[in-house]
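Visitor: Got a minute to walk me through this one? I'd like to start with the packing and then look at the open space.

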Amino acid sequence: MRLLTSVAALRCYLRGYRTQNPDKLVGLVPTMGGLHLGHLSLIQRARSENSLVVVSIFVNPIQFGPQEDFQKYPRLLEADLQQCEQAGVDVVFAPEVGEMYPSSMQTMVIPLASMMSGLCGASRPGHFQGVATVVAKLFNLVQPDRAYFGQKDAQQIAIIQRLVQDLNWPIEIIPCPIIRESSGLAYSSRNQYLTQDEKQQAAVLYRALRRGQEHFQQGCSVATEIKQIVQAELDTEPGVQVEYIDLVEPETLIPLTTLDTTGLLAVAARVGTTRLIDNLILRHRQPIIAIDGPAGAGKSTVTRQIAEALGLLYLDTGAMYRAVTWLVLQSGIEIDDQPAIAEIVSQCQIELIPDGEQPRTVINSQDVTEAIRSLEVTANVSAIASQGAVRQALVKKQQAFGRQGGIVAEGRDIGTTVFPDAELKIFLTASVQERAKRRLLELHAKGQTDITQEQLEQDIAQRDHLDSNRAISPLRKAVDAVEIQTDNLTIDDVIQRAVSLYRETIINKT
């Protein structure tokens, strides 16, 4: 692990790395130090998804107000460095204030006023300008492919996502789940200010949010009523001084009067002299089932039948890639003309229309359900699907399908990247030997008897290694996925198990 403290050294290091590794992805985890399990979860996620992980440690003075805790904010660099090294971080960038702000006069990045006026912005004027400015500087210095932020700072995430969108930065913002202590208290660097009694009192924040969530799940969609339930629970701890309770649209931060689809239920309060924040996402949509797993585990067959059994839409991601491939071929674009392909995929419209077990695929108003199964499409789809711009555009389209829910999707990273908020995640797998055995039977049924099980096992093991280590959409099991090992199970057994999980985790909870 390298510790770098100057802009010049960071740029030099990254320039050298990218020269030697032009196709490798770089992940950035911006922090102010005082690392805890929440930060480490971001680092672990970045480590699993990128070739190079950069962690910045910088207590940013311009995001603190005059009466805030800049001087006493935790500065534990040696301990932070030890944790970073143990977590497999490649580079820690820990500059001094003078390195980041060499002049007293600074160009500031000013986010939309409407996104800063509510929630924490109401009591922390200038805070989000300071956040946006330092994040913009870090993005320009590191130029990461992905940047990781904790969902606890939901307002910050929304503002940064809008910043990236408006300034056309090619950076994927990855919100990561809140990590909590056993009491439910969200991990925060400021938790160390709390006494043991105050920590017990602070646990009421999460309990109150959960009460609001339960009220919503029981059918209430009126914001004032949900907030009243939260307030009533917070009132059970007189030592907790509430700053705000609000329900807003998660991306725009516009206050909601009723919750139709998705809402961010957020709270800020002081416990003693310590200001704490917390939030939950409330969703009113049909469920999403995300099914991941290695090649040959039977995902496609099972996913189609699960969707049919539950009356959900099978989101055929493979058909989407095939549809784009068909469109590229029809348009006469060369397979290696990536700019032209990026343009056409970013502008196309794809529909998946329910029609029994196999949905119909429509691209730019043309039904291509049969056409995308041609030998020409099959021969070229891998080359198209491997292009980063195609992957990025289709993930956005898949996520658009998921806004209303009611879908089942399968792939390598459906539960980790495409639908990290899926209500049910399943990791469908089988041993290499079992997958080779199944493939051998398929080949023998087609009259292909010139291959051995040993050869197939070697091929499958190599495919697993490539899928798990590819730069784009690597195979990953989500931390909250339920693994189904399909050795010695029939297709019907797997479907029954998945349907049971759906009933246990979704229907019974509601």
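Guide: Sure, here is a quick tour of cores, a helix and a pocket, bearing in mind that this is a predicted model.

Visitor: How many residues does the largest nonpolar core have, and which have the most contacts inside it?

Guide: It has 47 residues, and the ones with the most contacts inside it are Leu-10, Val-54, Met-100, Phe-139, Phe-149, Ile-160 and Ile-173. Helix H6, residues 127-142, supplies the largest share of this core, 10 residues.

Visitor: What is Ile-160 in contact with, leaving aside its neighbours within four places in sequence?

Guide: Ile-160 is in contact with Val-131, Val-135, Phe-139, Phe-149 and Ile-173. There's also a second, separate core of 35 residues, and Leu-313, Leu-315, Val-328 and Ala-393 are among them.

Visitor: Switching to helix H14, which residues are buried there?

Guide: In H14 (residues 375-385), those are Val-377, Asn-380, Val-381 and Ile-384. They span an arc of only 135° around the axis, so they sit on the same side of H14.

Visitor: And what do the buried residues of H14 pack against?

Guide: Three helices: H12 (317-331), H13 (338-347) and H15 (388-401). On the face turned away from the buried side, H14 carries the exposed residues Leu-375, Ala-379 and Ser-382.

Visitor: OK, pockets. What volume does the second largest pocket have?

Guide: About 1800 Å³. It is lined by 50 residues, and the closest to its centre are Ala-295, Lys-299, Ser-300, Glu-410 and Arg-463.

Visitor: How does that lining split by class?

Guide: The lining of the second largest pocket has 18 nonpolar, 15 polar and 17 charged residues.

How values were computed: Residues numbered from 1 in each chain as written. Predicted model: local features only at pLDDT ≥ 70, side-chain atom pairs only at ≥ 80, totals over all residues. Heavy atoms only, no water. Core = buried A, V, L, I, M, F, W, Y, C linked by side-chain atoms within 4.5 Å. Buried < 20%, exposed > 50% of the residue type's maximum accessible area, 1.4 Å probe, protein only. Helix = DSSP H or I, 4+ residues; strand = E, 2+ residues; numbered from the N terminus. Contact = heavy atoms within 4.5 Å. Arc of directions from axis to C-beta. 1 Å grid on protein atoms, 1.4 Å probe; cavity = no way out; pocket = protein on both sides within 12 Å on 5 of 7 lines; lining within 4 Å. Points joined across faces, edges and corners; volume = space filled by probe spheres on them. Nonpolar A, V, L, I, M, F, W, Y, C, P; charged D, E, K, R; others polar.
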